[in-house]
Amino acid sequence: MAMTPWTLHEDRALPTEPGQRGIAREIYRAIADLPIISMHGHIDAGAIRRNESFGDPAELFIIPDHYLVRMLVSQGYQHHELGVRPLDDGAPVETDHRLIWRRFAENWKLYRGTPTRYWLEHELVEIFGVTTRPSAETADEIYDQLAETLARPEFRIRALFDRFNIQMLSTTDAPAADLADHAALAAEGWGERVVPTFRPDVLFYPDRTGWRAGIDALAQASGVDVHDYPSFLDAIRQRRLAFVAAGALATDHGHLTANTTPLARVEAERTFAAAMSGPVDAVRAEAFAGNMLFESARMSLDDGLVMQLHPGVQRDHSAAVLAGYGPDNGFDIPRQVEFTRALRPLLEAFGLDPRFRLILFTIDETVYSRELAPIAGAYPSVKLGAPWWFLDSPGGMARFRELTTETAGFYNTSGFVDDTRAFASIPARHDLARRVDAGFLSKLVAEHRLGLDEAVETAIDLTHTLPLASYARRD
Amino acid sequence: MAMTPWTLHEDRALPTEPGQRGIAREIYRAIADLPIISMHGHIDAGAIRRNESFGDPAELFIIPDHYLVRMLVSQGYQHHELGVRPLDDGAPVETDHRLIWRRFAENWKLYRGTPTRYWLEHELVEIFGVTTRPSAETADEIYDQLAETLARPEFRIRALFDRFNIQMLSTTDAPAADLADHAALAAEGWGERVVPTFRPDVLFYPDRTGWRAGIDALAQASGVDVHDYPSFLDAIRQRRLAFVAAGALATDHGHLTANTTPLARVEAERTFAAAMSGPVDAVRAEAFAGNMLFESARMSLDDGLVMQLHPGVQRDHSAAVLAGYGPDNGFDIPRQVEFTRALRPLLEAFGLDPRFRLILFTIDETVYSRELAPIAGAYPSVKLGAPWWFLDSPGGMARFRELTTETAGFYNTSGFVDDTRAFASIPARHDLARRVDAGFLSKLVAEHRLGLDEAVETAIDLTHTLPLASYARRD
Amino acid sequence: MAMTPWTLHEDRALPTEPGQRGIAREIYRAIADLPIISMHGHIDAGAIRRNESFGDPAELFIIPDHYLVRMLVSQGYQHHELGVRPLDDGAPVETDHRLIWRRFAENWKLYRGTPTRYWLEHELVEIFGVTTRPSAETADEIYDQLAETLARPEFRIRALFDRFNIQMLSTTDAPAADLADHAALAAEGWGERVVPTFRPDVLFYPDRTGWRAGIDALAQASGVDVHDYPSFLDAIRQRRLAFVAAGALATDHGHLTANTTPLARVEAERTFAAAMSGPVDAVRAEAFAGNMLFESARMSLDDGLVMQLHPGVQRDHSAAVLAGYGPDNGFDIPRQVEFTRALRPLLEAFGLDPRFRLILFTIDETVYSRELAPIAGAYPSVKLGAPWWFLDSPGGMARFRELTTETAGFYNTSGFVDDTRAFASIPARHDLARRVDAGFLSKLVAEHRLGLDEAVETAIDLTHTLPLASYARRD
């Protein structure tokens, strides 16, 4: 019983109020076909280089998507029943991908009202031509159709890259990454389309497993003998320059808090030395991480990389899930975050410097009107990134505009920045963001607070001009 | 001058946007007449057993309703002027109930825009047939009509129970309650309609007056000689089993914070022993209370009781009101609450266990999208209860859906759970919740983000299926 | 290309939903022409006394408006390029006001979606008759028109005072102010139209530069030899009485937090003595400030001044901007604020006293539903002030009503209170507040939750009755 036909309505996610809808349509039409700027993704450059296909439907849509897996886990499935491979090679894992797909399809109702549902509907209908709503009854039929479609050459990643009209895509890369895939892509003329991003978190939290291995990899990649804090900073500087040479425009920092307090030089040296010879506690590690944000900002003055900060997430809330399956399995839970005091040291030092640029993200909506918009509405270096992660949703994006625009305006935001691991969801996400911005602007026009011409120009800026300009090199 | 006639409009509290209203009506019609599941009330089982009548209009509507009294106090009335009896028997109290009713009626405007107004309008018009808006002029006339109506047999509690179409109602009971009223009701065949809930707060905060008396009552009710921490836990276990035998489905916990950190066994034993022999401070008491939440969760694995947690309220903010009139007189003020860190010990231990179920409530809206929805969207044991207390309101319920659905979906919520002490308000509250959910769903349908058939099914689930399933015994 | 003509639409900022719009219009029409009560402004009484003209367009609209300057600074301008005078007399400052105007006009798009844009549009069109939208092309033409207009006698401040229909305006005054301008205005019959407000912050934070000078000024103005804490309190009492004699109705307190904990007498005396003989640290100063809020409340019992509290702003977030240009230059950034615990000492002492009145403001929206509305909905002394500062905006005002009305009702709020330094923006701000309240009320009417007659009465109360009554002397 599907009372709504399984198609995408052209007005989906636009306001329904009759006075707004026509205006929203007109604004949306002006931006619907603009190319995609995707500056904060988690797509593998190697997959693009190798022009991979996406495997079977479970491999594309379910197993790697922790948004989607998480929801089935919340209703009683275990990760391995959905194909997520346990760290322990001897532990069971479902290998029947058709069965995994069925488990998903028969639980389609769990996603009602979520962006996952919205994106999947877009992907299945628009990209893959599915005409039936997922359910226990339709699971196999859709699986077969998708499997057949995914095997075709026009569904390999480069063909989709073109079809999706992606103008530029950033990957997220470890600080010791060799960037060979980026070099190879550049050699093929894709250097301006796919650029790396420097993500040094692994080096900044000396209490985390992997820190010491990260230091070793940093030394090797940079050619610097990393034995103390000065050589550590030097190696990071080298790697940043290598990233710049490979086309990178930005760094990315996923910290627990927004703390940017610099340590006294001697304290930073002592912490680094202590970490090189043994464990350091979480308090000291967090202080070191804050210091490294400050140092990263200082480096940005020289190399021009835009700094992106994503604080406020308690990673791996469930130790059992971490132990069983590793990180990034849907159990990262946000915590309250504070910016006004935390960013002050960094902004005092660099906030008015025309060479510095900082883009702020968070999934704590309580700081939008209270802290983020006032900061971005004053400091020339600061822009607000798009609503992130759980907030990359129709309501989340609408509330971001409602809670920041009155204080920061539109032009202190970066325009839409997705944060996806799911390549096929990129057009759905960008299209949805465009619809939500069109809806927000249409209200201003309908309430006679903005001219339609101004709204259209603003929408184009939010969609294309600002994402490009926010990351563009200035030298 | 009443420009709107004093009747209930069939579209009240539904969206006014023309594209949504028709859809909302259709969704609402599918759920309007479903039976009421009321799993978290404060109705006295004895009143049902005795099939009481409700007294006069002031006794039914004003004196026991701290929502309503509070508002008149905020404008200068003192509690005793509204019939609230002071603890001091010699202190004055208004005994002219007609005068109390007049004071309320002439201040009708204070309630504009509040849920109290909405519920009262529903009750007066729909249940009691009042046709005039309360005011100084109409106070006496309405009083007389209500007094006459309340005296009729069809306005006794059991007749209304049937008329309200209440399928199941939970009471809230002290841990030492003898449950005799429930037993008597069960003997009359009402055992499935009225069930108790185990509320042990009095035992968990050893700094509160009444703790020691609570321990004594616990010992007597359980038959366990409560002299140390192990016997204390044992007595609680016994009482929980007695509640289960009397039909209880859940426990309920009204804590200051959501802290669930277990104490080392020896520390718990020491705190209990200290409390048995003298006062303990608030910090130690709060730590003990957190420990007892952890232990309560562990007990739930064995006896299957669903755990309900309502943290974040500073009880008795005004010492003068507490000293004058006792607790629950409108001066409980919410405080900021934190869940991500506070619940972690409990969720680490039991969060993935299929035997454990936890329903979370709060009146701090800032955690909806940041903490509650991500937690419920991951842990299989966790569901989100309805917006509680001050948020049991049209806007409060709408924001709850807006801020949780995109991350947690609908199916990680418990459906509507009222929290009323006012029996006559139960249908109004449930009807309002159904209208708000219908309105929220109608927006998704109107924006082509959900099929109408899916919306209707979801509404039925939120109204009936989920409240039943969230509390139903699984054994 | 201006697709919307540069006029003010009569329905601007009213809801667009057809079922609401007609109702909103009717409510708005009932309040549109009510006189303005402006109880918390920063207009200079001397300017009114001297009946000043406003200078050139940059002097009126840009240089003194830190909302507006801040936005241009956030996009790369420096304050001095916009005419803001550096503290260092030798530092450069732009003196070509036509150029400053051009810089503003060509960046008109930055203000899209902000209240600054809304107010300016109202002022330029409605008050000054501008018919062209600001832009690089139109800057000079508008400048010339404005300059010509501003020179006319009917654009002097008293003529505008009448034209704006301002019934009463409060200024904000230092505790040692001689109030000579107020006396002169009173002598001319303007004593009821322009009243002072006692703002003692400078005396309450002994760690701030200016504290000692403030004490000296206090001693001189009060005639009290301020040498210890008792004489300090006595001098404040004297000054408050002088303000009362000059027509003052209220005190105003801009604190970092809402802390109201009284110090032990000996500790207050010690802190005061320490501050008189040398520096005190920020923690001790904040404790002293909290104590002084408590003492100020106690004084209000005697002299009847209404207490206004505006906590939660980190003043002068950028030390460089403070050092270069002084305070109030757009770099005040909000911080999270807490009321439930912070106000408890004060409310325990005075919250139920009929002589005490407290109006609470904040720019931290997270406390609206959680703390402010429950407090105002219980304590008879407390009212909620209008949304303040960055929240004095269409969305900010709408959210204030949405998040407070259901718990506190309308009648525990003060009605609209502006907080402007820009005289010409007063009618725009009040008109916008009326439109937003009309819109909020129209939704209640359209959803059949309020009668239209009730909504109209409520709107009149919010606009006129409540602001007058909230500040009116009761003796």
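User: What stands opposite Leu360(C) in strand 9 of chain C?

Analyst: Leu384(C) occupies that place in strand 9 of chain C. The model is predicted, with local features needing pLDDT of at least 70 and side-chain atom pairs counting only at pLDDT 80 or more, while totals for chains, interfaces and linings use all residues. Residues are numbered from 1 along each chain as its sequence is written, and chains are lettered from A and ligands numbered from 1 in the order in which they are written.

User: Why are strand 8 and strand 9 of chain C called a pair?

Analyst: Two strands pair if DSSP finds at least two bridges between them. Strand 8 (residues 358-360) and strand 9 of chain C have three bridges in the parallel sense, so the criterion of at least two is met. Strands themselves are DSSP runs of E, at least two residues, numbered from the N terminus.

User: What is the order of the sheet in chain C, and which strands are its edge strands?

Analyst: The open sheet of four strands runs 4-5-8-9 in chain C, with parallel pairing. Strand 4 (250-253) and strand 9 (382-384) of chain C are the edge strands, each pairing on one side only. From one strand to the next, the twist averages 25°.

User: What makes strand 4 and strand 9 of chain A edges of their sheet?

Analyst: In chain A, an open sheet of four strands has the order 4-5-8-9 and parallel pairing. Strand 4 (250-253) and strand 9 (382-384) of chain A each have a single partner strand, so one side of each lacks a neighbour in the sheet.

User: Which residue is the bridge partner of Gln308(A) in strand 8 of chain A?

Analyst: The bridge partner is Ile359(A). Strand 5 (residues 306-309) and strand 8 (residues 358-360) of chain A pair in the parallel sense over three bridges.

How values were computed
Axes are lines fitted to C-alpha atoms, for helices over the stretch in contact, and angles run from 0 to 180 degrees between N-to-C directions.
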